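I opened a fresh notebook page for this one. The plan was to go from the overall make-up down to single residues.

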Amino acid sequence: MNPTPTYTQPEPQRSGLMTALVAGALIALVAANIYLYVQIDHVRTDVAKQRESLLTEVSNLRDASSVTTQSQMRHIETLKEQLAAEQAQSRTLAGQAKAESIAHSDQIRKQLEAESAKVQQQVSSEISDVKQSANAANAKIADVSTDVGGVKTQVTATQEELQKTISDLKSARGDLGVQSGLIATNASELQALRRLGERNYFEFKLGKTKAPQRVGDVTLLLKSTDPKKNKYTVDVMADDKLTEKKDKNLNEPVQFYTSKAKQPYEIVVNSVQKNLIVGYLSTPKEQATR
């Protein structure tokens, strides 16, 4: 059975191709910057939460300290009043009664000194706890700042890597005579093309089998391979039409049209082995309406 002929369309304008590539690169960079801003916003939210937690903790400590201190101060004032009363009473007593009053006054004075020392120690302890909480919060804020710097460095490195990979990509003329987009020859280059977001990409490993294999919205059937010459032959089934692509080369854009898109589909094979080819199918993002 003779293969059904395919139809070709005129070669796209190179200015349109370059515009699409530049637009894709800009979209990728904008997406990377949005990712950075989202990460920084998350970091700022974490810092705000840490600061709010610290302020709450300090406020609670202050409230507790204030209540305890007020209670202790009231106790001290009561002891002072008792001491003054005892001292006044001692001045009016004589002999043994006066001695007992003085002893009682000394006891109250010692209690007053002990209570004062206790209050001072408690306040010092609470101040120490607040300082420790502040130091812990500052340490967390420093860690968050370090994370922000790491995110910025990672995004910058990703952008530089993407730009370098894109600059290394090449464009080629397909077997239908249509100038293709950028061609990936390995996994990292294919990942860079995905980040550009201009087309859909479907990777495949196609062995020589009796049944065709679905890749994207088409099916492929490997007929033969020639690893020494890096050539292969494959049948393409699209829109219920069978097309034989015979003796195609490594990294050659193998093109065919479907009713779903105005631009051609492209098969690019990066590895030709015995009874096996490895590559990807590239399809347009914009699909034609039926």
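My entries follow, grouped by topic.

**Overall make-up**

I kept in mind throughout that this is a predicted model. I counted elements before anything else and got 3 helices and 10 strands. Reading from the N terminus, I wrote the order down as α-α-β-β-α-β-β-β-β-β-β-β-β. I then looked at burial: of the 290 residues, 32% are buried. For the accessible surface I noted about 18000 Å², with 53% of that on carbon and sulfur atoms. I also checked how far the contacts reach along the chain. Among contacts with a separation of 6 or more, 56% link residues 24 or more positions apart.

**Sheet with β3, β10, β9 and β8**

I traced an open sheet of 4 strands, ordered β3-β10-β9-β8, with antiparallel pairing. At its edges I found β3 (199-207) and β8 (254-256), each paired on one side only. From one strand to the next, the twist averages 20°.

Next I went through the pairings. β8 is joined to β9 (residues 265-273) by 3 bridges, and the two run antiparallel. Two of the residue partners I wrote down are Val254 with Ile267 in β9 and Gln255 with Glu266, also in β9. Between β9 and β10 I noted 7 bridges, again antiparallel. Gln273 sits opposite Leu276 of β10.

I stopped at the hairpin of β9 and β10, which leaves 2 residues between the strands. There Asn275 has a positive phi near 60°.

What lies across β3 and β10? I found helix α3 (residues 187-196) there, running at about 150° to β3.

**Sheet with β4, β5, β6 and β7**

I then turned to another open sheet of 4 strands, in the order β4-β5-β6-β7 and antiparallel in its pairing. Its edge strands are β4 (213-215) and β7, and each has a partner on one side only. Here the twist averages 35° from one strand to the next. I looked closer at β4 and β5 (residues 218-226), which pair over 3 bridges in the antiparallel sense. Val215 has Val218 of β5 as its bridge partner.

**Loop between β6 and β7**

I checked the backbone angles in the loop that runs between β6 (231-238) and β7 (241-249), where Asp239 lies. A positive phi caught my eye because most residues other than glycine have a negative one. Asp239 has a phi near 55°, and Asp240 in that loop has one of about 60°. Are these two aspartates buried or exposed? Asp239 is partly exposed, at 33% relative accessibility. Asp240 is exposed, since its relative accessible area is 76% and the cut-off for exposed is over 50%.

**Salt bridges**

How many salt bridges does the count give? I got 3, and took them one by one.

Glu203 pairs with Arg194, with 3.3 Å between the closest N and O atoms. Glu203 is exposed at 52% relative accessibility, while Arg194 is partly exposed at 33%.

Lys260 and Asp217 meet at 3.2 Å, N to O. Lys260 is in the loop between β8 and β9 and Asp217 in the loop between β4 and β5, so this pair ties together parts 43 residues apart in sequence. I logged both as partly exposed, Lys260 at 25% and Asp217 at 29%.

Asp235 and Lys223 also form a salt bridge, at 3.3 Å from N to O. Asp235 belongs to strand β6 and Lys223 to strand β5, so the pair ties together parts 12 residues apart in sequence. Which side of the cut-off does Asp235 fall on, buried or exposed? I have it as buried, because its relative accessible area is 10% and buried means under 20%. Lys223 is partly exposed, at 35%.

**A nonpolar patch**

My last entry is about the surface. Val30, Ile34 and Val38 make a nonpolar patch of about 240 Å². I placed Val38 in helix α1, which covers residues 14-92. Val38 counts as partly exposed, with 37% relative accessibility.

Key
Residues are numbered from 1 along each chain as its sequence is written. This is a predicted model: local features need pLDDT of at least 70, side-chain atom pairs count only at pLDDT 80 or more; totals for chains, interfaces and linings use all residues. Side-chain values use heavy atoms; hydrogens and water are left out. Patches are made of residues with over 30% relative accessible area and no salt bridge: like charges are joined within 9 Å, nonpolar side chains (Val, Leu, Ile, Met, Phe, Trp, Tyr) within 5 Å. Accessible areas come from the Shrake-Rupley method with a 1.4 Å probe; for residues, only the protein chains shown count as cover. A salt bridge is a side-chain nitrogen of Lys or Arg within 4 Å of a carboxyl oxygen of Asp or Glu. Buried means under 20% relative accessible area, exposed over 50%, partly exposed in between (1.4 Å probe, protein chains only). Two strands pair if DSSP finds at least two bridges between them. Axes are lines fitted to C-alpha atoms, for helices over the stretch in contact, and angles run from 0 to 180 degrees between N-to-C directions. Contact means heavy atoms within 4.5 Å.
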